[in-house]
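Here is a short round of questions and answers on one protein chain. Keep the viewer open while you read.

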Amino acid sequence: MDAIKYVQEQTNLGNDLPSFRAGDNISVSLKIIEGAKERIQIFRGDVIQIKGQGNTKTFTVRKMSGNVGVERIFPLSSPVITAIEVNKRGKVRRSKLFYLRNLVGKKAKIKERQLK
């Protein structure tokens, strides 16, 4: 029974995470442990896909680092994720935004969705 409680404590079940969808610009705060030191690193970018369901749900965030596109896949139930903050709500017509990989500059910009 202790093992089950430990797993439930370690997994972030998404209860305290905000709802977001493809096209949104989010900041993911990650806990990085290097030796005895611990720090928070923020990965800021656009959500290009959300995949899976339940504990196996993952989301992919893409950002531009200089002229290079960087994508990172995060499990939603990961204990490494400390917080997710939604910066902008995007207005897109698809759930998978892989076409952004081929676009550069203003063409790769996602319009902002007006909240009602």
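The questions below work through a predicted model, from charged pairs to nonpolar cores and aromatic rings.

Q: How many salt bridges does the structure hold?
A: A pair counts when a side-chain nitrogen of Lys or Arg lies within 4 Å of a carboxyl oxygen of Asp or Glu. One of the pairs is glutamate 34 with arginine 39. By this rule the number of salt bridges is four.

Q: Which residue meets arginine 89 in a salt bridge?
A: The N to O distance of this pair is 3.4 Å. Arginine 89 sits in the segment after strand S5 (81-88), and its partner in the loop between helix H1 (2-10) and strand S1 (25-34), 65 residues apart. The partner of arginine 89 is aspartate 24.

Q: Is aspartate 24 buried or exposed?
A: The cut-off for buried is under 20% relative accessible area. Aspartate 24 has a value of 0%. Its salt-bridge partner, arginine 89, is partly exposed at 23%. Aspartate 24, at 0%, is therefore buried.

Q: What is the closest N to O distance between glutamate 71 and arginine 62?
A: These two side chains form a salt bridge. Glutamate 71 is partly exposed at 30% relative accessibility, whereas arginine 62 is buried at 14%. Their closest N and O atoms are separated by 3.0 Å.

Q: Which residue joins Arg62 and Glu71 in one salt-bridge network?
A: Glutamate 71 and arginine 62 form a salt bridge. Salt bridges that share partners extend this into one network. The residue that joins Arg62 and Glu71 there is Arg101.

Q: Which residue makes a side-chain polar contact with arginine 39?
A: Arginine 39 is found in strand S2 and is partly exposed at 37% relative accessible area. Beyond four places in sequence, its contacts are Leu30, Lys31, Ile32 and Glu34. The polar contact between side chains spans 3.2 Å, and the partner is glutamate 34.

Q: How far apart are the C-alpha atoms of arginine 39 and serine 29?
A: The two residues are ten residues apart along the chain. In space, their C-alpha atoms are separated by 9.9 Å.

Q: Which strand gives the most residues to the largest nonpolar core?
A: This core has 14 residues, and Ile26, Val28, Phe59, Phe74 and Ile84 touch the most other members. S1, strand S2 (37-51), strand S3 (58-65) and S5 each supply at least two residues. With four residues, the top contributor is S1.

Q: How many residues make up the second, separate core?
A: Its members include Ala22, Ile48, Leu97 and Ile110. The core is separate from the one above. Its size is five residues.

Q: What is the relative accessibility of phenylalanine 59?
A: Leaving aside neighbours within four places in sequence, phenylalanine 59 is in contact with several residues, among them Phe20, Ile26, Val28, Phe74 and Ile84. The residue counts as buried because its relative accessibility is 1%.

Q: Why is the pair of phenylalanine 43 and phenylalanine 74 edge-to-face?
A: The ring centres lie 5.8 Å apart. Planes over 60 degrees apart count as edge-to-face. The planes of this pair meet that cut-off because they stand at 70 degrees.

Q: How far apart in sequence are the parts that phenylalanine 43 and phenylalanine 74 tie together?
A: Both residues are buried. Phenylalanine 43 lies in strand S2 and phenylalanine 74 in strand S4 (residues 68-75). The parts they tie together are therefore 31 residues apart.

Q: What is the angle between the ring planes of phenylalanine 59 and phenylalanine 74?
A: This aromatic pair links strand S3 and strand S4, 15 residues apart. The ring centres are 5.4 Å apart. The pair is tilted, with its planes at 35 degrees.

Q: Which residues do ring pairs link into a cluster?
A: The aromatic pairs come to three. Phenylalanine 74 pairs with phenylalanine 43 and with phenylalanine 59. The cluster consists of Phe20, Phe43, Phe59 and Phe74.

Q: Which residue's backbone oxygen lies 3.0 Å from a side-chain polar atom of serine 77?
A: Serine 77 lies in the loop between S4 and S5. At 13% relative accessibility, serine 77 is buried. The backbone oxygen belongs to asparagine 55.

Definitions and conventions:
Residues numbered from 1 in each chain as written. Predicted model: local features only at pLDDT ≥ 70, side-chain atom pairs only at ≥ 80, totals over all residues. Heavy atoms only, no water. Buried < 20%, exposed > 50% of the residue type's maximum accessible area, 1.4 Å probe, protein only. Core = buried A, V, L, I, M, F, W, Y, C linked by side-chain atoms within 4.5 Å. Contact = heavy atoms within 4.5 Å. Polar contact = N/O pair within 3.5 Å; in protein donor to acceptor, adjacent residues only side chain to side chain. Phe/Tyr/Trp six-rings, centres within 6.5 Å; stacked < 30°, edge-to-face > 60°.
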